[in-house]
Amino acid sequence: MTALLEAPVRTSDWQHEAGQRNGNGAPLDQRHRELKTVEDAGPWEPAVQAILAMQHLGDDWDGLGAKAPSRELLESAIGLAFLSLERGTPPPDRVVPGLDGVVIFEWQPADGTYTEVEIDRPFHAEVMVIEPGRPARQWTLPTE
Amino acid sequence: MDEFERAGDDEFVYRRIHQNYIDARLAIPVQPAAFRPTEHDTTGLSVFRGCFVAPADTLADVDADKVQRYCVARLAVRALRELGLSVVPEPTKQGPRGHAVIPELSRPAYLADKGRWKQVLVQLATLASADIVYQPSA
């Protein structure tokens, strides 16, 4: 799974997936409509649905001042989800909004590895992999 | 006991955790994002000292319509120190008693060395996962 995450991610591929899946680049009036995907994401469908549900979070969704993710960031997250699906990456075990407007994908496989991908701004993400007995590794997406 | 008194190693602190960040099916049920400082955390990450409040008391200033979505985790001050974190009293007049902050996890400090602190957040999530002391009633 980690190897799949380590594969190069080009900005153009990521943007292409986002545009394909959720209407990015559509006329402005359409961009105010509800964000939705046009096809089933297979094993990633629960993750995609979790991302889509985040568009209904307003600011202060937690009652303590959390920021809701922007539409552009959610589009990026959906694009990365479909790109990962195409590459055969297993779906994350959990997808959550951060308290500061980010979206987080998290994996906790049985081997004890902890992996987190934080989409922190449109078409940009931070990856962290912590494998048992090894130093943590971190890098950013896109890789090129 | 004075709220401004230094927090001892034998104390515990409470951290409020939104239910979005807890999934009991996972090996580490608490998501590290529950410990990520926001732009409001200018002096440090908010916690409440267990010698001043009960877990449920820490939710006193959460919006009434959202308070049912919160759990509370307990963390030993000694365990925090072992992670390189400290607990500094920062009582407030408005909120629950015993407010304190973890200054190493202020928003500016977190952003200045995100790579390091993200790893610490995973350790905090692991500690919190083992000691959820309050859950909302069903």
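Two strands pair if DSSP finds at least two bridges between them. Helices (H or I, at least four residues) and strands (E, at least two) are DSSP runs, numbered from the N terminus. The model is predicted, so local features need pLDDT of at least 70 and side-chain atom pairs count only at pLDDT 80 or more, while totals for chains, interfaces and linings use all residues. Residues are numbered from 1 along each chain as its sequence is written, and chains are lettered from A and ligands numbered from 1 in the order in which they are written.

**Exercise 1.** Find which residue in E3(A) is the bridge partner of Ile104(A), and then which residue in E4(A) stands opposite that partner.

*Solution.*
- Start with the pairing: strand E2 (residues 103-107) of chain A runs antiparallel to E3(A), with five bridges.
- Within E3(A), Ile104(A) has Glu118(A) as its bridge partner.
- Now move on to strand E4 (residues 124-130) of chain A, which pairs with E3(A) in the antiparallel sense over seven bridges.
- Opposite Glu118(A), in E4(A), you will find Glu126(A).

**Exercise 2.** Work out how many residues lie between the strands of each hairpin, E2(A) with E3(A) and E3(A) with E4(A).

*Solution.*
- Between E2(A) and E3(A) there are six residues, and Gly112(A) in the turn has a positive phi of about 90 degrees.
- Between E3(A) and E4(A) there are two residues, and here Phe123(A) in the turn has a positive phi of about 55 degrees.

**Exercise 3.** Check whether the span of helix H5 (residues 71-86) of chain A agrees or disagrees with the expected one, and find how many of its residues are buried.

*Solution.*
- The expected span is 1.5 Å times one less than the number of residues.
- For the 16 residues of H5(A) this gives 22 Å, and the end C-alpha atoms are 23 Å apart, which agrees.
- A residue is buried if 20 or more other C-beta atoms, placed from the backbone, lie within 10 Å of its own (exposed: 12 or fewer; partly exposed: in between).
- By that rule 13 of the 16 residues of H5(A) are buried, and the helix is mostly covered.
- After H5(A) comes Gly88(A), with a positive phi near 80 degrees.

**Exercise 4.** Identify which strands stand at the edges of the six-stranded sheet in chain B.

*Solution.*
- Write down the order of this open, antiparallel sheet: E4-E5-E2-E1-E3-E6.
- Strand E4 (88-89) and strand E6 (132-134) of chain B are at the edges; each has a single partner strand, so one side of each lacks a neighbour in the sheet.
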